[in-house]
Amino acid sequence: MGSQLVPATPGSGAPAFLFLKQRKARFGCLAPLLFALFWRGSPCFCAGNIDVCVEATEALPDVRSGPGALGVSPGDTQTQFLIPLGSVGKNRAQASLERARDLNPMVDVKADQEVVEQKPEEFFTHFDVVCLTCCSQEVLMKVDQICHKNSIKFFAGDVFGYHGYMFADLGDHDFVEEKTKPARASQPVEDGPDAKKAKLDFVETTLVKKRMAFCLWKEAFGINWSTERGRGALKRTAQDYFLLRVLLKFRSEKGRDPSPQGYAEDAETLLQARTGVLETLGVGADLLPDDFASCCFSEMASVCAVVGGVLGQEIVKALSQRDAPLNNFFFFDGMKGSGIVERLAPS
């Protein structure tokens with residue numbers, strides 16, 4: 001089966017995006033996105049930052065990428081193996097085009113020049129899964145509502161320095177899990193190879209059908225923390241959730257992520273955003289330490305590898321309907337070297 005990788009083209013402020021679809025199971029990725037994906041023994045590739053184009057494998061025969069204004073920085077040429085030298089200023093996906101083709105000669109490359117905000121609802125209904133990265137909270141909320149309404153699996157993910165997250169809204173998701181149960185024992189054998197074989201016969205595997213409900217992005221970010229129930233949940237909720245809200249506020253207001261080139265100014269802006277966000281939520285400003293901003297700049301390669309790998313894993317699980325998905329947030333803290341799954345919903 002042939003594959004298609006459609007790179008992003010320069011736009012006017014809109015994030016780039018990728019669409020992945022299969023002939024039978026189709027899915028889209030609004031990018032810049034990177035995830036390590038293993039399917040039928042064929043690995044996709046994971047580079048230094050989360051905005052590299054996804055490499056198609058045998059099981060991913062149709063990959064589409066759309067427009068964006070995110071350009072190649074000098075650091076991208078050192079950490080993103082698909083981008084050649086001399087590409088600074090070009091669109092990331094466009095710059096990755098030639099090498100992405102070389103990695104899979106079965107990929108047919110085309111371009112979609114419309115911005116995400118201008119895409120009609122009907123456009124998203126052609127996919128079974130849509131994944132967004134590097135988008136504003138407003139775009140994330142809008143596209144998730146479209147996907148939820150049309151029973152399309154929705155994913156989002158980003159990396160900010162040492163911190164990364166993944167969000168999933170699969171609606172009412174049906175899947176199967178393998179369960180083991182005792183099997184009828186073979187005739188007892190006292191010794192020899194047959195004795196070991198007899199012990200293995202005590203377990204057999206069966207598939208169990210299950211269903212899991214997911215909430216909208218809007219609902220996950222609309223929790224009332226001032227109620228008694230909310231205050232109880234606050235004690236169990238990872239700080240990363242509130243850090244994400246601060247970073248998304250920064251992105252919405254500045255139209256970009258914190259930049260190392262303007263570290264002092266952006267760090268101060270993040271501190272101000274922290275105060276505003278946490279006060280609005282009705283939680284203490286000390287929930288995030290004063291030095292939190294120092295770990296939120298650039299995209300750490302190792303964090304991208306972890307978050308991208310989890311994101312790719314969850315997309316495959318959603319398509320194959322095998323094994324329980326992560327519901328609904330995954331947060332990774334590169335400073336601690338650990339990840340956590342949080343289920344945050346109104347109920």
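This passage describes the fold, the helices, the central strands and the nonpolar cores of a predicted model.

The chain contains ten helices and 14 strands. Of its 347 residues, 52% are buried. Where contacts link residues at least 6 apart in sequence, 67% of them join residues at least 24 apart. The surface exposed by the chain amounts to about 16,700 Å², and 50% of this area is supplied by carbon and sulfur atoms.

Helix 9 comprises residues 263-281. Its 19 residues should span 27 Å at 1.5 Å a residue, and the C-alpha atoms at its ends are 26 Å apart, in agreement with that expectation. The buried residues of this helix are Asp266, Ala267, Thr269, Leu270, Ala273, Arg274, Val277, Leu278 and Leu281. Viewed down the axis of helix 9, these buried residues fall within an arc of 155°, and therefore they line one face of the helix. On the face turned away from the buried side, helix 9 carries the exposed residues Ala264, Glu265, Gln272 and Glu279. Just after the helix, Gly282 adopts a positive phi of about 80°.

The partner of this buried face is helix 8 (239-254), against which the buried residues of helix 9 pack. Thr269, a residue of helix 9, counts as buried because its relative accessibility is 13%, under the 20% limit. With neighbours within four places in sequence left aside, Thr269 is in contact with Phe250 and Lys254. For the 16 residues of helix 8, a rise of 1.5 Å a residue gives an expected span of 22 Å, and the end C-alpha atoms, 23 Å apart, agree with it. Buried positions in helix 8 include Asp240, Tyr241, Phe242, Leu243 and Leu244. Further along helix 8, Arg245, Val246, Leu247, Leu248, Phe250 and Arg251 are also among the buried residues. Gly255, just after helix 8, takes a positive phi of about 75°.

The largest nonpolar core has 47 residues, and the members that touch the most others are Tyr165, Leu270 and Phe329. The greatest contribution to this core comes from helix 8, which gives eight residues. Another core, of 21 residues, lies apart from it and has Val129, Leu170, Val310 and Phe330 among its members. Beyond its neighbours within four places in sequence, Phe329 is in contact with several residues, including Tyr165, Met166 and Phe167. The contacts of Phe329 also include Ala220, Phe221, Tyr241 and Leu244, together with Ile340, Val341, Glu342 and Leu344.

Tyr165 belongs to strand 10, in which it points one way with His163, Phe167 and Asp169. Gly164, Met166 and Ala168 point the other way from strand 10. In a regular strand, side chains alternate between the two faces of the sheet. Strand 10 (residues 163-169) is mostly covered, with seven of its seven residues buried.

Strand 10 pairs with two strands described here. With strand 9 (residues 153-160), the pairing is antiparallel and extends over seven bridges. Phe160 has His163 of strand 10 as its bridge partner. Two residues lie between the strands in the hairpin of strand 9 and strand 10, where Gly161 takes a positive phi near 65°. With strand 13 (residues 329-333), strand 10 likewise pairs in the antiparallel sense, over five bridges. Met166 stands opposite Phe330 of strand 13.

Some local backbone features occur in the loops. Asn328 lies in the loop between helix 10 (301-320) and strand 13, and a cis peptide bond, with omega of about 0°, joins Asn327 to Asn328. Gln321 is found in the loop between helix 10 and strand 13. The phi of Gln321 is near 55°, a positive value in a residue other than glycine, and its relative accessibility of 38% makes Gln321 partly exposed. Cys134, in the loop between strand 8 (129-132) and helix 4 (137-149), is a residue other than glycine with a positive phi, near 55°. Cys134 is buried, its relative accessible area being 14%.

Elsewhere in the chain, Leu97 is placed in helix 2 (residues 92-103). Leu97 counts as buried at 13% relative accessibility. Leu97 and Ile83 are separated by 14 residues in sequence, while their C-alpha atoms lie 8.3 Å apart in space.

Note on methods
Residues are numbered from 1 along each chain as its sequence is written. This is a predicted model: local features need pLDDT of at least 70, side-chain atom pairs count only at pLDDT 80 or more; totals for chains, interfaces and linings use all residues. Side-chain values use heavy atoms; hydrogens and water are left out. Helices (H or I, at least four residues) and strands (E, at least two) are DSSP runs, numbered from the N terminus. The expected span of a helix is 1.5 Å times one less than its number of residues. Buried means under 20% relative accessible area, exposed over 50%, partly exposed in between (1.4 Å probe, protein chains only). The arc is that of the directions from the helix axis to the C-beta atoms. Contact means heavy atoms within 4.5 Å. A nonpolar core is a set of buried Ala, Val, Leu, Ile, Met, Phe, Trp, Tyr and Cys residues joined through side-chain atoms within 4.5 Å. Two strands pair if DSSP finds at least two bridges between them. Accessible areas come from the Shrake-Rupley method with a 1.4 Å probe; for residues, only the protein chains shown count as cover.
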